[in-house]
Amino acid sequence: MLRHFSRSLRFQFLIALSGVLLLALGSLGALSKWFIFPALHKEEQGIIDQELKRIERSLVLAQQELLVQARDWANWDDTYEFVQGNYPRYADVNFSPEMLKEMRYQLIAFFAADGSPYFLSGLVPHTGQFASCAQPSGECDWMAPYIDTMQRSIKDNPDQQSFLVPGISSPAMVAITPILRTDGTGPNVGWLAKMRLMDEQWIAQWETLTGLPIAIERLPAPQREPSIRIEGDTIHAQHLLPTSVPDMSIAIGTQLNRTHYLASLDTIRYVLIWTACLMLFVIGFVLWLMERIILTPLKALSVFARQASKQDTNLDAQSLCRRGDEIGMLARSFDQQLTRQRELNAELLNLSTHDALTGLPNRRLFDQQLKDAIQEAVALSQPLAVMMLDVDHFKLFNDHYGHQMGDECLRKVSRALQRVANDHGFLIARTGGEEFSALLPGTSADSARQIGLLLHRTVDQLKLPHRASPVSAYVTICVGVSSLADSTDILPCSLMSTADQALYSAKAAGRHQVMVFTPSLDPVHMHETPHE
Ligand SMILES: Nc1nc2c(ncn2[C@@H]2O[C@H](COP(=O)(O)OP(=O)(O)OP(=O)(O)O)[C@@H](O)[C@H]2O)c(=O)[nH]1
């Protein structure tokens, strides 16, 4: 059963389509893993990278703004005069704690032409107290590291510049520019540096400007690539910026909600699952269609062929033959072949059981039916009679009229005998050259004798001329009748032998008569008066 199934078309279709399904699902999975999900991830990284660059650009703008503010002061005749000692009231007039707070300056430093500090003013970190000094000492000693950094920067690059410093309480940005006259002419008489704290207040302003959450921290690390960290629905990204201190960096970080990425991921997963379900459905549907359109009709065709090979005559091939498709064509041609085969079989059967000259059943058929009839008569305790008939002096007929006329005579006698057999429902067969046998189921010896007389008369009535016959001027027959009841046993040959004995007696008695076999009597006494 299992072996049969594994060789069936149904199984092969199932395996092939399952293979296609697995291949397609695998391709979908591979496509998602190696192309779709990485592309989504790359897109997310691109977005966070852009946002970081936006934050950096706004920081550069803030540094440029501070540089412009520094240059505004540095390119001013009052400042020019102040650093040369020609404007002593400059500091009193221009510096106040309010101005520094408002402008969010941590420190403003003036340097002489040789780079030494000239005037320093700022707000003490943590306390916010206003302090002004000529040197970074005393109440201005907190300024010392910044002043150092600024002096180094002036030395390295005497033109204007801006940079970041790690700061004390929080990181800061610095802008340094040479001091020139208001019209921009020199010579350079010193430098002006402004330092602005990037404290919480400034960061809040920065966040408002960029629309992004921003975090700043000082890290003892060299500059490196942006780092990205994912925590649940949030992605954290950080970019390190160099400061004036070589082993210190300022990390600018922001975070993004991953809702867009996760929603895209969900959508793609949803699409993939539905695509897989759809493929599953399509393949199931294709299998169902194959089952319905191809396999079921094929199975019906194979059942049809199997039954046909068993000669089943109750075949209903109509529904198959009515189909307009290839299976219908196949069924129709098969049906035609089957019909032709049946006709040939019937023809063969007829040829093998009937006599070619007269069309009467032959000895083979007679013997078969005799055997069955005896069995049935014995089983049902019913009478059964047989007859043997012979054309009288047929050799003389042939000799006189020729063989062809003899054939014609046999045909006419046969037709007459068959008519009587049809009317009385018994079998008449040609069992020899001019010899016939009759099988009469359910017929007693007496009834059989009556039928024998009828046959006898029927041949007489044909009035077929037989000039050579010493019995009559016409063709006549002899009939020997026997019944199962009078037979020595129930063997067919025994029964036919008794009929043959009766026929022999009829011939011996002068032919042209009917003789019934009687066991107790001598063949001579079986004589029946001939009928003219
Ligand atoms: N024309 C023709 N003759 C046949 C056919 N079959 C047998 N015969 C002839 O029938 C004749 C039978 O001859 P016999 O057996 O001597 O019998 P009979 O001449 O009829 O003599 P009785 O039966 O004793 O009356 C033979 O001459 C056969 O050749 C046939 O099919 N056609």
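Asp49 and Lys53 both lie in helix H2 (residues 9-74), and because they are four residues apart there, about one helical turn separates them. In this predicted model, the two side chains form a salt bridge in which the closest N and O atoms are 3.5 Å apart. Asp49 is partly exposed, with a relative accessible area of 29%, and Lys53 likewise counts as partly exposed, at 46% relative accessibility.

A search of the whole structure finds 12 salt bridges, and one of them, within helix H13 (residues 403-424), joins the side chains of Arg411 and Glu408 at 3.2 Å, N to O. Here the partners are three residues apart in the helix, so that they too are separated by about one helical turn. Arg411 is partly exposed at 28% relative accessibility, and Glu408 is partly exposed at 26%.

Arg430 forms a salt bridge with Asp355, with 3.1 Å between the closest N and O atoms. This pair links distant parts of the chain, 75 residues apart: Arg430 belongs to strand E12 (residues 427-430), whereas Asp355 sits in the loop between helix H10 (326-353) and helix H11 (363-380). Which class of accessibility does Arg430 fall into, buried or exposed? At 15% relative accessibility, Arg430 counts as buried, and its partner Asp355, at 17%, counts as buried as well.

The three salt bridges described above are set out below.

| Pair | Closest N to O distance |
|---|---|
| Asp49 and Lys53 | 3.5 Å |
| Arg430 and Asp355 | 3.1 Å |
| Arg411 and Glu408 | 3.2 Å |

Helix H2 also has a place in the description of a sheet, since H2 lies across E1, E4, strand E5 (172-178) and strand E6 (190-197), running at about 40° to E5. The sheet is open and has six strands, in the order E3-E2-E1-E6-E5-E4, with antiparallel pairing. Its edge strands are strand E3 (130-133) and strand E4 (161-165), each of which pairs on one side only. On average, neighbouring strands of this sheet are turned by 10° against each other, with direction ignored. In general, strands of a sheet pair through backbone hydrogen bonds, in either a parallel or an antiparallel manner. Within the sheet considered here, strand E1 (residues 105-112) and strand E2 (residues 117-123) pair in the antiparallel sense over five bridges. Which residue of E2 is the bridge partner of Ile108? The partner is Ser121.

The remaining topic is the cysteines. A search of the whole structure finds one disulfide, which joins Cys133 to Cys140 with an S to S distance of 1.7 Å. A disulfide is a covalent bond between the sulfur atoms of two cysteines. The torsion about the S-S bond of Cys133 and Cys140 is about 75°, and the disulfide is therefore right-handed. Cys133 is buried, with a relative accessible area of 13%, while Cys140 is buried at 0% relative accessibility. Turning to other cysteines, Cys277 is partly exposed, with a relative accessible area of 39%, whereas Cys493 counts as exposed at 54% relative accessibility.

Terms used
Residues numbered from 1 in each chain as written. Predicted model: local features only at pLDDT ≥ 70, side-chain atom pairs only at ≥ 80, totals over all residues. Heavy atoms only, no water. Salt bridge = Lys/Arg side-chain N within 4 Å of Asp/Glu carboxyl O. Helix = DSSP H or I, 4+ residues; strand = E, 2+ residues; numbered from the N terminus. Buried < 20%, exposed > 50% of the residue type's maximum accessible area, 1.4 Å probe, protein only. Pairing = 2+ DSSP bridges. Axes fitted to C-alpha atoms, helices over the stretch in contact; angles between N-to-C directions. Contact = heavy atoms within 4.5 Å. Disulfide = S-S within 2.5 Å.
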